[in-house]
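Colleague: I am new to this structure and would like to learn how its labels are earned. Could we look at it together?

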Amino acid sequence: MHLVVYISAHGFGHAAQSCAALNAMADIRDDLDVTIVSQVSPEFLASRLAIEYELINRQTDIGLVMRSGIEIDLPASREAYRQWHAQWPKPVQDEKTQLAALKPDAVLSDIAYTPLAAARELDIPAVALCCLNWGSVYQHYFSDMPESGKIVSQILAAYHQADVFLTTPPVWDMPEIRNQKQTALLVNKAQQNRVGLRRMLGLDESRRLVLVGLGGVATRLPLDEWPERAEIHWLIPASWNISRPDVSTIESTGMTFSNLIASVDLVLGKIGYGLVSECAVNGTSLLYIERPDWPEDRPFSAWLNAHGRCAGVGKQRLESGDVVEAIEALLSRPAPEPPEPDARQVAWDCLEYLLHDEH
């Protein structure tokens with residue numbers, strides 16, 4: 001079975017979802033032949049996938065143009081959508097040509113919409129898999145633009161070309177997607193090594209170990225300007241080039257990011273599917289950077305607070321490093337029982353639609 005998988009490169013959440021699903025699908029189907037079309041970091045994909053695959057580096061959706069992991073470039077995003085849709089359905093025809101050359105048996109998309117329309121024209125089974133959709137995101141930011149009605153209509157029509165739009169919790173409520181069906185929580189539990197990590201870093205139990213994770217868009221916090229606090233030790237990217245006794249680099253641990261999430265006291269990051277779901281299933285608290293204009297912040301944080309612990313911190317407090325009280329308050333709250341993920345159920349739900357010609 002040759003499966004072409006489209007993965008949005010807007011952060012790492014889409015790739016985390018897709019990789020978990022693909023690993024589970026490969027456990028069910030030993031004949032799975034995977035081609036991935038994405039601009040996601042090859043290193044990230046290699047760290048998450050336990051299968052062989054071919055990677056084609058090509059843009060197939062816009063997502064949002066970001067200035068950093070927490071700042072959207074709204075004018076650039078609007079212009080990118082305007083140009084993409086100005087010649088619609090040419091992008092569909094172009095993708096149709098690319099897809100026909102690959103000769104797949106099925107298509108999985110998280111959550112590029114153009115390939116779904118192309119797959120329908122080629123009569124190829126296709127599944128959309130995500131917790132949100134770009135039509136709703138576009139409408140949230142650009143509903144007052146004169147071209148918005150036409151663009152949203154084209155995006156939603158493309159999503160409706162999929163055999164099904166599978167949603168995995170936490171999900172952004174989107175009644176405009178008429179072909180949606182909810183599936184299971186899609187994330188893998190990590191390997192916890194709290195004792196070993198602390199021993200490696202020379203930390204005792206009195207120190208709070210905080211992992212800074214801001215997703216797949218390059219972002220740097222001014223941690224070098226924050227006051228040193230004896231009760232906190234930070235794990236940060238080596239690229240920040242900060243040398244302090246209260247700081248270690250993520251790379252120096254030799255652990256995967258997922259295993260670090262499971263092994264620290266708390267993650268300082270932003271609301272996104274990958275981080276929210278991994279914090280939930282691994283029982284790790286999340287202190288997130290508040291982004292009032294980000295539509296998924298409220299539903300995703302509400303879901304995490306029902307299944308784990310999270311709290312927001314404003315940008316002003318973050319700039320000064322005034323986060324210790326927020327960390328202690330969050331960690332003092334009782335922790336709910338972590339939810340159970342079921343990637344295998346998601347894989348079965350995908351295959352039910354992708355292989356309908358075999359039934």
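Modeller: Gladly! Let us begin with a term: two strands pair if DSSP finds at least two bridges between them. Keep in mind that this is a predicted model. In it, Arg208 of strand β10 (residues 208-213) stands opposite Ile232 in β11.

Colleague: How do you know that β10 and strand β11 pair?

Modeller: The two are joined by 4 bridges and run parallel. At least two bridges are needed, so β10 and β11 count as paired. Strand β13 (residues 266-269) is another parallel partner of β10, again over 4 bridges. There, Gly213 stands opposite Gly269.

Colleague: What makes you say that β10 is mostly covered?

Modeller: Of its 6 residues, 5 are buried. Buried here means under 20% relative accessible area.

Colleague: And why is strand β6 called largely enclosed?

Modeller: Because 5 of the 5 residues in β6 (residues 106-110) are buried. Ala106, Leu108 and Asp110 point one way from the strand, Val107 and Ser109 point the other way, and all are buried.

Colleague: Which strands run alongside β6?

Modeller: Strand β1 (residues 2-7) is joined to β6 by 5 bridges, in parallel, with Leu3 partnered by Ala106. Strand β7 (residues 126-130) also runs parallel to β6, over 3 bridges, and here Leu108 has Val127 as its bridge partner. Between β6 and β7 the chain passes through helix α5 (residues 114-121), making a right-handed β-α-β crossover.

Colleague: Leu3 makes me curious about the interior. Which residues touch the most other members of the largest nonpolar core?

Modeller: They are Leu3, Leu22, Met25, Tyr159, Leu235, Leu286 and Cys350, in a core of 106 residues. Helix α1 (residues 13-28) gives the largest share of this core, 9 residues. A second, separate core has 25 residues, including Val210, Trp226, Ile232 and Val313.

Colleague: What does Met25 touch, leaving aside its neighbours within four places in sequence?

Modeller: Met25 is in contact with Leu3, Leu32, Ala347, Cys350, Leu351 and Leu354.

Colleague: Asn23 lies in helix α1 too. Why is Asn23 called buried?

Modeller: Its relative accessibility is 14%. The limit is under 20%, so Asn23 counts as buried. A polar atom of its side chain lies 2.9 Å from the backbone oxygen of Arg48. Not counting residues up to four places away in sequence, Asn23 touches Arg48, Leu49, Ala50, Ile51 and Asn188.

Colleague: How do you know that Arg48 forms a salt bridge with Glu278?

Modeller: The closest N and O atoms of the two are 2.8 Å apart. The cut-off is within 4 Å, so the pair qualifies as a salt bridge. It links distant parts of the chain, with Glu278 in helix α11 (residues 273-281) and Arg48 in helix α2 (residues 42-48), 230 residues apart. Glu278 has a relative accessible area of 3%, so it is buried.

Colleague: What makes Arg317 and Asp322 a salt bridge?

Modeller: Their closest N and O atoms are 3.7 Å apart. That is within 4 Å, so the label applies. Arg317 has 33% relative accessibility and Asp322 has 39%. Partly exposed lies between the limits of 20% and 50%, so both residues get that label.

Colleague: How many salt bridges are there in the whole structure?

Modeller: A search finds 20. Among the residues involved, Arg194, Arg198, Glu205 and Asp265 are linked in a network. Asp297 and Arg291 form a salt bridge at 3.4 Å between the closest N and O atoms, and both residues are buried.

Colleague: What makes the backbone at Lys103 worth pointing out?

Modeller: Its phi is near 50°, a positive value in a residue other than glycine. Most residues other than glycine have a negative phi. Lys103 is in the loop between α4 and β6, and at 66% relative accessibility it is exposed, because the label needs over 50%.

Colleague: Which peptide bond after Asp110 should I look at?

Modeller: The one from Asp110 to Ile111, which is cis, with omega near -10°. Ile111 sits in the loop between β6 and α5. The peptide bond from Trp88 to Pro89 is cis as well, with omega near 15°.

Notes:
Residues numbered from 1 in each chain as written. Predicted model: local features only at pLDDT ≥ 70, side-chain atom pairs only at ≥ 80, totals over all residues. Heavy atoms only, no water. Core = buried A, V, L, I, M, F, W, Y, C linked by side-chain atoms within 4.5 Å. Buried < 20%, exposed > 50% of the residue type's maximum accessible area, 1.4 Å probe, protein only. Contact = heavy atoms within 4.5 Å. Salt bridge = Lys/Arg side-chain N within 4 Å of Asp/Glu carboxyl O. Right-handed = clockwise from strand over helix to strand, strands pointing away. Polar contact = N/O pair within 3.5 Å; in protein donor to acceptor, adjacent residues only side chain to side chain.
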